[in-house]
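Biologist: Could you put the model up on the screen so that we can go through it together? I have a handful of questions.

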Amino acid sequence: MIVPIRLMIKSNQPIDTVECKIYCNEVEFPTALVDQGEHFDIYQNKNLFYATIESVFECEQENNKLAVHWPQKPKADFYEIDDIEIDFFYIDKHRLLKETSFLQTNESTLQPKPSELGNNYWAPGTLINNPGIMYLTFSLPIASWCFKNLDDWKSQ
Amino acid sequence: MIDQRTIKFFQSLPKLDNPDKEFFEPAFDIFLNELETMYDVAQKVVIPPRVRKPYRWYLNDTTNGFNSVDLCNIDGVPAHDQYKKMFTNEELEQGKISWQSEHDCFKRALEPIGKQWRWVMLVRIDPMGYWAPHLNIPGINEHDYKLYWIPLNYDKHRYFAASDVGYFEPKLGTAYIQKGHIYTYSTINLSNMPMYNLAGVAQ
């Protein structure tokens, strides 16, 4: 299925450019910076700068591997991925903290997700002050919304 | 920039391994070295970045209903000067498009079937961009047309689609025919390279 994705990044400093690559199932897809500005963050009780990037990829219904790759350290400090929207599938800060992991690496190409957490690989992975890769596995929820009993639908 | 309507259009369709002949019929093969030449030339053609405007470049001035003055005014260069870089026609001469010599490769594109372009355009679809024939095709015979479509380069995840049928990834080296109603088609480019296509009607 062809699915759009929107990624929101927050920072204490202005965000002029975002130099990241987005991979779905290990294939790189195009990205575009579509919005940037400043807004009030109710959790930190202050104004924060934000940037929004979009991409579109083709993925399966289940068990897709998303990777967001910063080959270089972001120019602003305290970068943080605030939320990800994958079509109708909204991944907020709470889920990001629970489900993502981060590998710190200077490699310019996509690296496979390490099997164990270590010195350079940890979870949660929403802070991106270092060059590296954020990993997230996701399934599209559309089928589960449309069919009350998903198993029945799968067996058809 | 993502176009939500295009995304929804594709999401409603199944992915096909091969084109359904009802909506995209492979017409003939083109040698890869010919395509390479066309691709090289195509990259040198001035096509402006897309800003909410459909691509409408290098239609013959004489197709009626379309006027290149509206279509090709790029960075202050008058449209007609852009037009003259590709074509020598001042007006239609015996129904034929007259090409500048460096664009002869486009003229030769339909030689395998012994035809020439009645009108033709170069369609560039940027990453995450989309294009559909109804953005450009003269609407005179929109219910009864036959569009030749030649992809000039290849990268992954570039799809052609038709409503109620599906979408598929076109092969490099094949010229396709689109026929039927122009509003049923769409194309999307999810690769990181611009997708160049030659599309037009033959005579």
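Modeller: What follows goes through chain B, its helices and sheet, then chain A and the contact between the chains, and please keep in mind that this is a predicted model.

Biologist: Okay, how many helices and strands are there in chain B?

Modeller: The secondary structure of chain B amounts to five helices and nine strands, and along the sequence they follow the pattern α-β-α-α-α-α-β-β-β-β-β-β-β-β.

Biologist: And what share of chain B counts as buried?

Modeller: Of its 203 residues, 35% count as buried. As for contacts in chain B with a separation of 6 or more, 76% of them come from residues 24 or more positions apart.

Biologist: Let's look at α1 of chain B, then; which of its residues are buried?

Modeller: Helix α1(B) covers residues 4-11, and its buried residues are T6(B), F9(B) and F10(B). They take up an arc of only 95° around the axis, which puts them on the same side of α1(B). On the face turned away from that buried side you find the exposed residues Q4(B), R5(B) and K8(B).

Biologist: What do the buried residues of α1(B) pack against?

Modeller: They pack against β1 of chain A, together with four strands of chain B, namely β3 (130-131), β5 (158-162), β6 (166-168) and β8 (185-189).

Biologist: Moving on to α2 of chain B: how far apart are its end C-alpha atoms, and what should the helix span?

Modeller: Helix α2(B) has 13 residues, 32-44, and at 1.5 Å a residue it should span 18 Å, while its end C-alpha atoms are 19 Å apart, which agrees.

Biologist: Which residues of α2(B) are buried, and where do they sit around the axis?

Modeller: The buried ones are L35(B), M38(B) and A42(B). Looking down the axis of α2(B), you see them fall within an arc of 65°, so they line one face of the helix. The face turned away from the buried side of α2(B) carries N33(B), D40(B) and K44(B), which are exposed.

Biologist: What covers that buried side?

Modeller: The cover over the buried residues of α2(B) includes α5 (104-107), β2 and β9 (195-202) of chain B.

Biologist: You mention β2 and β9, so what is the strand order in the sheet of chain B that holds them?

Modeller: They belong to an open sheet of five strands in the order β1-β7-β4-β9-β2, with antiparallel pairing. Its edge strands are β1 (25-29) and β2 (117-125) of chain B, each of which pairs on one side only, and the twist averages 25° from one strand to the next.

Biologist: How many bridges join β1(B) to β7?

Modeller: Four bridges join β1(B) to β7(B), residues 174-180, and these strands run antiparallel. Within that pairing, F28(B) has A175(B) in β7(B) as its bridge partner.

Biologist: One loop residue in chain B, I97(B): is it buried or exposed?

Modeller: I97(B), in the loop between α4 (79-86) and α5 of chain B, is buried, because 25 other C-beta atoms lie within 10 Å, and 20 or more is what it takes to count as buried.

Biologist: Over to chain A; what does its six-stranded sheet look like, in terms of order?

Modeller: The six strands form an open sheet in the order β3-β2-β6-β11-β9-β10 of chain A, with antiparallel pairing, and the edge strands are β3 and β10 (121-122) of chain A. Strands β9(A), residues 101-104, and β11(A), residues 132-138, pair in the antiparallel sense over four bridges, and the bridge partner of Q104(A) in β11(A) is G132(A).

Biologist: What does A123(A) touch, further along the sequence?

Modeller: A123(A) lies in the loop between β10 and β11 of chain A and touches T100(A), S101(A) and L117(A), leaving out residues up to four places away in sequence. A123(A) is partly exposed, with 14 other C-beta atoms within 10 Å.

Biologist: Last topic: how many residues does each chain bring to the contact?

Modeller: Chain A brings 13 residues and chain B brings eleven residues. On the chain A side, β1 (2-11), β3 (27-29), β4 (31-41) and β5 (46-58) each supply at least two residues, and β5(A) gives the most, with four residues. By class, that side of chain A has ten nonpolar, no polar and three charged residues.

Notes:
Residues are numbered from 1 along each chain as its sequence is written. Chains are lettered from A and ligands numbered from 1 in the order in which they are written. This is a predicted model: local features need pLDDT of at least 70, side-chain atom pairs count only at pLDDT 80 or more; totals for chains, interfaces and linings use all residues. Two residues are in contact if their C-beta atoms, placed from the backbone, lie within 7 Å. Ala, Val, Leu, Ile, Met, Phe, Trp, Tyr, Cys and Pro count as nonpolar, Asp, Glu, Lys and Arg as charged, and the others, Gly among them, as polar. Two strands pair if DSSP finds at least two bridges between them. Axes are lines fitted to C-alpha atoms, for helices over the stretch in contact, and angles run from 0 to 180 degrees between N-to-C directions. The expected span of a helix is 1.5 Å times one less than its number of residues. A residue is buried if 20 or more other C-beta atoms lie within 10 Å of its own, exposed if 12 or fewer, and partly exposed in between; C-beta atoms are placed from the backbone. The arc is that of the directions from the helix axis to the C-beta atoms.
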